[in-house]
Amino acid sequence: MPKLHIDFETKSELDVREVGAYRYAEDPSTDVLMLNYALDHGDVKLWQPHIDGRDLPEDLIEWLADSDILVEAHNAQFERAIWTRIMIPRYAALPIALRRLRCTAARAAAVGFPRSLEGACIRALLPVEHLKDRRGTALIKRFCQPQKPTKADPRRWIGPEDDPDAWEDFCAY
């Protein structure tokens, strides 16, 4: 059965680790920065609603319309919350039936691996290039979390237009 892999990057005034996925997704300040997606082992594609337009890509719509395709994500409850609370009402996405959703973090835990993506990759003895990019944490802080304004830089949010090179790295991450 084909699998559609999805991974959101979002921004919010809230910290998801403090409030949980559903409270985070329900907050009006939370929004999608990008969605990386791929069918099976195909090329990873990128959708950025505030750059590419609010309409979902046609291939993604087609894949989601195919009820035989499973939707897979690491910590899938987060992707489900974002899909349900943001993608459906703000971007007119179709619902994803819960029976189609698969969580790779739960699958890792079921075989005794750590739930974290990095921990599971290390335990699975995957090559280092499959591990999380160390710069990713800094990029998440830069683009996904509000900044503390200073006299020199009064911005609360850093966007792609503010730092195009870092944004390009973030998209690749």
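I'll start with the rings: the structure, which is a predicted model, holds seven aromatic pairs. Take Phe143 and Trp167. Their ring centres are 4.9 Å apart and the planes stand at 90°, so this pair is edge-to-face. The two residues come from distant parts of the chain, with Phe143 in helix α8, Trp167 in helix α9, and their positions 24 residues apart in numbering, that is, 24 residues apart.

Trp167 has a further partner in Phe170. That pair is also edge-to-face, at 5.5 Å centre to centre and 70° between the planes. Here the separation along the chain is short: Trp167 and Phe170 are three residues apart in helix α9, which is about one helical turn. As a reminder, an α-helix has 3.6 residues a turn, so residues three or four places apart point the same way. Phe143, Trp167 and Phe170 together make one aromatic cluster.

Are these three rings buried or exposed? Phe143 is at 1% relative accessibility, so it counts as buried. Trp167, at 7%, counts as buried, and Phe170, at 1%, does as well.

Now the sheet that these helices sit on. Five strands form an open sheet, in the order β3-β2-β1-β4-β5, with mixed pairing. β3, residues 45–47, and β5, residues 101–103, are at the edges; each has a single partner strand, so one side of each has no neighbour in the sheet. From one strand to the next the twist averages 30°.

Going through the pairings, β1 and β2 run antiparallel and are joined by eight bridges. One contact to look at there is Leu4, whose bridge partner in β2 is Leu39. β2 and β3 are also antiparallel, over three bridges, and Tyr37 stands opposite Lys45 in β3. On the other side of the order, β4, residues 70–73, is joined to β5 by three bridges, and those two run parallel. In that pairing Glu72 stands opposite Arg102 of β5.

Which helices pack on the sheet? Helix α8, residues 135–144, does, touching β1 (3–11) and β2 (31–39), and its direction makes about 60° with that of β1. Helix α9, residues 164–172, packs on the sheet too; it touches β1, β2 and β3, and its direction makes about 45° with that of β2. As for β2, eight of its nine residues are buried, so this strand is largely enclosed by the rest of the structure.

Back to α8 for its burial pattern. Gly136, Leu139, Phe143 and Cys144 are buried in this helix. They span an arc of only 95° around the axis, which puts them on the same side of α8. The elements covering them include β1, β2 and α9.

Helix α4, residues 58–65, can be read in the same manner. Its buried residues are Asp59, Leu60, Trp63 and Leu64. Seen down the axis, they fall within an arc of 130°, so they line one face of the helix. What do they pack against? The partners are β1, β2, β3, β4 and α5, the last being residues 76–91. Glu58, Glu62 and Ala65 are exposed on the other side of α4.

Next, two backbone positions. Where does Asp40 lie? Asp40 is in the loop between β2 and β3, strands that form a hairpin with five residues between them. Asp40 has a positive phi of about 50°, although it is not a glycine. At 34% relative accessibility, Asp40 counts as partly exposed, the cut-off for exposed being over 50%.

The other position is Ala92, in the loop between α5 and β5. Ala92 is not a glycine either, and has a positive phi of about 55°. With a relative accessible area of 67%, Ala92 is exposed.

One last item, a charge over a ring. Lys11 lies over the face of Trp157, at 4.7 Å from the ring centre.

Key: Residues numbered from 1 in each chain as written. Predicted model: local features only at pLDDT ≥ 70, side-chain atom pairs only at ≥ 80, totals over all residues. Heavy atoms only, no water. Pairing = 2+ DSSP bridges. Helix = DSSP H or I, 4+ residues; strand = E, 2+ residues; numbered from the N terminus. Axes fitted to C-alpha atoms, helices over the stretch in contact; angles between N-to-C directions. Contact = heavy atoms within 4.5 Å. Buried < 20%, exposed > 50% of the residue type's maximum accessible area, 1.4 Å probe, protein only. Phe/Tyr/Trp six-rings, centres within 6.5 Å; stacked < 30°, edge-to-face > 60°. Lys NZ or Arg CZ within 6 Å of the ring centre and 35° of its normal. Arc of directions from axis to C-beta.
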